[in-house]
Amino acid sequence: MLPFEEIEITDDDIDKVEQLFGNLSFDEERRQIIKNIKNIDIQAFPGSGKTTTLVAKLAILARKWPYSNKGICVLSHTNAARTEIENRLGNTDVGRRLLSYPHFIGTLHSFFDTFVAKPWLRSNGYPITVIDTEYVLSKRYNRLNYIAKAYIKNKGLSESACEAVSFPIALNLKCKETAPSYINIMNCVKKSFQEGFFTFDEILYVAKYAINHSSYISNALQIRFPLLFIDEAQDTSDYQWNLIESCFNNPTLSLRQAFGDANQAIFQNYNSKSSNHFPEREYLTISSSLRFGESIAHLIDPIGIEIHGLTGHYSKYGNISNKHTIFLFGTDTSKVLPAYAEHLLCCFSDEDLDDSKGMQCYAVGMVHTSEESDPTNEKYPIGVRDYWSDYNHNRSKSSYKPQTLIEYVRIGMRAAKKSGNTFELVESISDGLRWFMIHNTDNKLSLSGKAFNSLCKNLPSDKTVDFRLDLLKLQNLSILNKAEWYMFIDKMWIILEKYFAIRKSENQFFDWTDDADDTSANNDEGGEVSTSQNVFTYTSPTSGRSVHIHLSSIHSEKGKTHLATLVLDTFWHDRNIPSIIPWLCNTPPKKKIQLRNAMRLKCQYVALSRARGLICMALRKDTITPEEQSALSTLGWNIVEL
Amino acid sequence: MYLQEVQIENFRCFGTLQTINLSKGLNVFVGQNDSGKTAIIDAIRIVMGTTDQSWYRIEPSDFYNENKDLEIRIRLKFSDLSENEQAAFLECLSSEIIDGKDTACLYIKWSCKYLLNFTPPRPSVSISTSVSGDGPSLSPEARELLRVTYLRPLRDSYSNMQAGRNSRLSQIIQGIPGIKDGISEYSDGIDLSTLSIAGIANLSNKLLANHPKLKKANEDIGTIMNSKMLLKGDGIDTRFEVTGTNASDDKMLISLLEKLDLDAHSNGSTGKIGLGTSNILSMACELLLNRNIGSSFLLIEEPEAHVHAQRQLRLIQSLQSEAEATGRNQQIIITTHSPLMASVVNLESVTIIKDAKAYSLRKGQTKLDNDDYIFLERYLDATKANLFFAKAVMIVEGPSEELFIPVVAKLLHKDFTEYGVSIVNVRGVGMRRFARIFQRVDESNTLEVKVACVTDRDVMPDCAPALCIKQDYSDKTKWPNVEDRNWRAESDFPTSCEKDAHIKEKCDKADGQYVKTFVSDHWTFEYDLAYSGLADELIEAIVTVAYVEKNKDAKLAEIKRKYMEHPTLESKAAYLYSFFTTRGISKAEVAQHLAFIIEKKYEHDIESLATKLPNYIKDAINYLI
């Protein structure tokens, strides 16, 4: 028995957390999960408040935690748990305690990086300069000689050919190790390692190597973290499970609880014969969704691939429970978004649709990176872009970094205006300068931590005061037009030369771009407005009311809550929605599910479980039979032909 | 976990980077004043923090040469971390390969720079981890594991053990496990011994409030107030209350502990104890606190302060056993100027600090071999341990040299005491073992302490065996075979080549680095004195020692006459030496008288003394000074 297992979580404790969280109550099902301190998994359906339940549990445990040098570890794939703690407990003592030593709450990558890979790299003489997949791979690719570049191009490979697939370094190239391209790429990767450049996955390979070779690490990890929670457990890859299991391998030292939803495992590699790690043993269930009502739960439970029994307990939009709609179009996709917009305007009040309330309307597709395709193509529409040509898939990536300084300045200005904290602008400008310097100069700036700090660290101590003053002067400049921007840039060059010895040169990074996000200027024109934020704005010609529709991929919307969601049919080896109609109709085929269909089901499940009030789908009319239409209609879908 | 290595740069007397290695258990820093002992202790405590939570402010004088442009850098390395410690420092660990296995260790890098653009300049400190210092900084909880208990030099141990706010004694006792156990609320019929300390405080508060005299006083005050000063119907009650009655149990515990004095009584007497005893008492208390589970670190500067010799021995032995106790992981680091303490600790625990460099006497660091350690542990006493504190050392075979040479040196204006030279008499055994203490395995970092080994050549003139051993031996053919006798004569080394080889052999046993052997020019110390020109003085000294007062003049004349009868300088000197061999006169006594005679005779005539002294003695003195 581990000492912390004696911690008893009582209803009283849970009541206190409810008060702390404010207007929230945990039902018996959730209370049992909060109280449980055993090796067990938790299957939580979409919108069931899984992370909130976990955070409540953490808050109680942290208050009763008996050690000062051993902590709770919460691993996830996103920073959702951390953000939730910051939001709910940020200003409380217990929140601060959870977010600092000896506990760890963060992503799997940052865990293995902080506790295993970085200490190991440091002890073995590797510097740690940058850990970032995109940046590191492009840097490596640019350094290759023309033979290697040609090889990559001819074989249809991408920059990821320059990524190691294990440690000690090995490459996934189908050529001889003596081939000139192989040697060049290998040397380039080796050199990059020596200089401290790693991709996220490479850090995991290093971690694995370190764990296998330094036997003390796994033992120390388990002693340090006797209690391990894995959030979003369904998205953990085989490699990651393996890594976790090789560290937390002694059940007498630590205890593990995995939280997740087996139906939403969309980040796993679909074609690997990955064994199902979650839930892998006895599990408790949170079946009731607090996100949406029973009408949505009823429509999507059949497409859950692993576990069924979803119920919906949100009642606000009960009045539109019969408005879930399937739009059928011929070949003209341009009608889809306006039709969806009109439907939204008819289902929701202006107050519901107010973006600033936090909940937004979305249109999502499984495929979103493709270029625009020809409507005559039989695969049409292939991706999200075929529904709206202004769609830019880069923007919906969470790792999106602006490509010009002016974007950084604008982002900073908006953030500063919104929060009232000037430092947001300072930080944003610094972030831009840091990105520029790392890409274009030899300055050894740290990529981690606040950009402003890493710039200051690079200055001699007697210059920091002046640097601060000069940056301060930039704060009050206006950059509304091109002329103002070039004045701003002139001042910026003076700063760059004075403090970082960077001579003025031509670089697109400093160019003026139109402020595409500034919708206020052209709002009067009505109709459709394109923006670089992937927001489609529709104003009804009849009522004059308008609605914003955010376009995105299914993958990037995971974990989020929408007001309404439209799933756009896309093409990936086959049509995505029509392929899974049998499940949507609750008449699943008896035979084993194909891997691709499994992926489609999971994606569809994730997409349709985002909305609080309304779910819709859009597909080509000729891809669905009349029988299927009537089956869906019987289940509760409205069928609308455009 | 223990502190294995300290690196210091630009701190006080440490300019360029210096590495100091430490062992598990007890470490004793010895050395002259201003050699850097305290700088090392301070470097350790500044980086690790102290258990009394005291704050150290970096002053300009802490920078090497007071140069504030420099950056002070201190790096500590901890090894042998327990599993719990590895877990606690997980994100900061480094690894190194020991016996082919990756093993965890912890580096802490501390640096301080003066921010010169402020007036007065402010120190800015940063702490990080890992070999090169690019690791994350330590969290406060993890730093707690590293705190050292620090006993400063010239500490006021007496007041440490006295009551007062935040008294050290109260801090120590709060750290005792289970100090809060017991019942904290007194109720009737309860067994008083089951009360916790807070319970005792509660009980005493209650008793005070209900004391009859206090109660009466309270009532009287109430009566006066209500009947004479207030209006009818104001109805105000008074009550005595002990301060802190409503405080939490923890606060009550502390306030009660702060009232404690620790007093010692010797043999039933009372009153203030002596400085030495309170010093020992305070160390005993700190050891108690340091006994907690986990690793602990104790730094004591000059534990011998105010403590007399026998107690010093006892003290160092108990520190040693405390540091070596199994089941605990306690590292004790002390500095000392006491040869007595230095003489009883294991030689391996000793580190000589000289000119801001550390020279550990651990196996593998010195040229001493395993036998030498065993030998020296047994024979290193307080007088010999002097050598740890000396600027230069002369090692001699016996008491004659020990008594005579310093006197001669003083006459030659090279006073050993003035120059900080220690003379160590090894009584005929292990001279070279003592010398090897100063020889380092690492030839690039030698210990700059000049050591002169003064020894006899032990080759007698051919006439001597007959005079000093057996009369028969005047006939060389009667000498036993070379291998059957333990003495040598000049004719055993017929060529100069062989003579040189003999001397070289003697020197090679010890010479190297700053150790140099000085072999007598001929045979033994006394023989060489007589041979080189001090025969008259030697005769006088022999007579003084060997004969009673009334016979002295006659004997003196007789010996002088016999002396003159000997044909050669060799046989003359050998004749005098025979007094020690055949007559058994004490060499030490003779040496003492000889020194006395020479002091009187040559006080104002150094030049003629210099001509009469054997060369090897002059050379040895000149080598050291």
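In the predicted model, strand 6 (residues 101-115) and strand 7 (residues 122-129) of chain B run antiparallel and are joined by eight bridges. These two strands of chain B form a hairpin, with six residues lying between strand 6 and strand 7. Within this pairing, B:Tyr114 stands opposite B:Pro123, a residue of strand 7 of chain B.

A second arrangement of strands in chain B is an open sheet of four strands, paired in parallel and ordered 14-13-15-18. Its edges are formed by strand 14 (421-425) and strand 18 (515-519) of chain B, each of which pairs on one side only, and the twist from one strand to the next averages 20°. Strand 15 (residues 450-455) of chain B runs parallel to strand 18 of chain B, the two being joined by five bridges; in this pair, B:Val454 has B:Phe518 of strand 18 as its bridge partner.

Helix 14 (residues 399-411) of chain B packs on this sheet, where it touches strand 13 (392-396), strand 14 and strand 15 of chain B, and its direction makes about 155° with that of strand 14 of chain B. Helix 24 (residues 615-624) of chain B lies across strand 13, strand 14, strand 15 and strand 18 of chain B, and runs at about 170° to strand 15 of chain B.

Packing between helices is illustrated by helix 19 (residues 525-546) and helix 22 (residues 587-602) of chain B, whose axes come within 8 Å and cross at roughly 100°. Because angles of 65 to 115 degrees count as roughly perpendicular, helix 19 of chain B is described as roughly perpendicular to helix 22 of chain B. On the side of helix 19 of chain B, the residues that meet helix 22 of chain B include B:Glu537, B:Leu538, B:Ala541, B:Ile542 and B:Val545, while those contributed by helix 22 of chain B include B:Lys587, B:Val590, B:His593, B:Leu594 and B:Ile597. By class, the residues of this contact between helix 19 and helix 22 of chain B comprise eight nonpolar, two polar and six charged.

Between the chains, 22 residues of chain A are in contact with 25 residues of chain B. On the side of chain A that touches chain B, helix 6 (108-123) and helix 11 (215-224) of chain A each supply at least two residues, and this side of chain A is made up of nine nonpolar, nine polar and four charged residues.

How values were computed: Residues numbered from 1 in each chain as written. Chains lettered and ligands numbered in written order. Predicted model: local features only at pLDDT ≥ 70, side-chain atom pairs only at ≥ 80, totals over all residues. Axes fitted to C-alpha atoms, helices over the stretch in contact; angles between N-to-C directions. Parallel < 35°, antiparallel > 145°, perpendicular 65-115°, else oblique. Contact = placed C-beta atoms within 7 Å. Nonpolar A, V, L, I, M, F, W, Y, C, P; charged D, E, K, R; others polar. Pairing = 2+ DSSP bridges.
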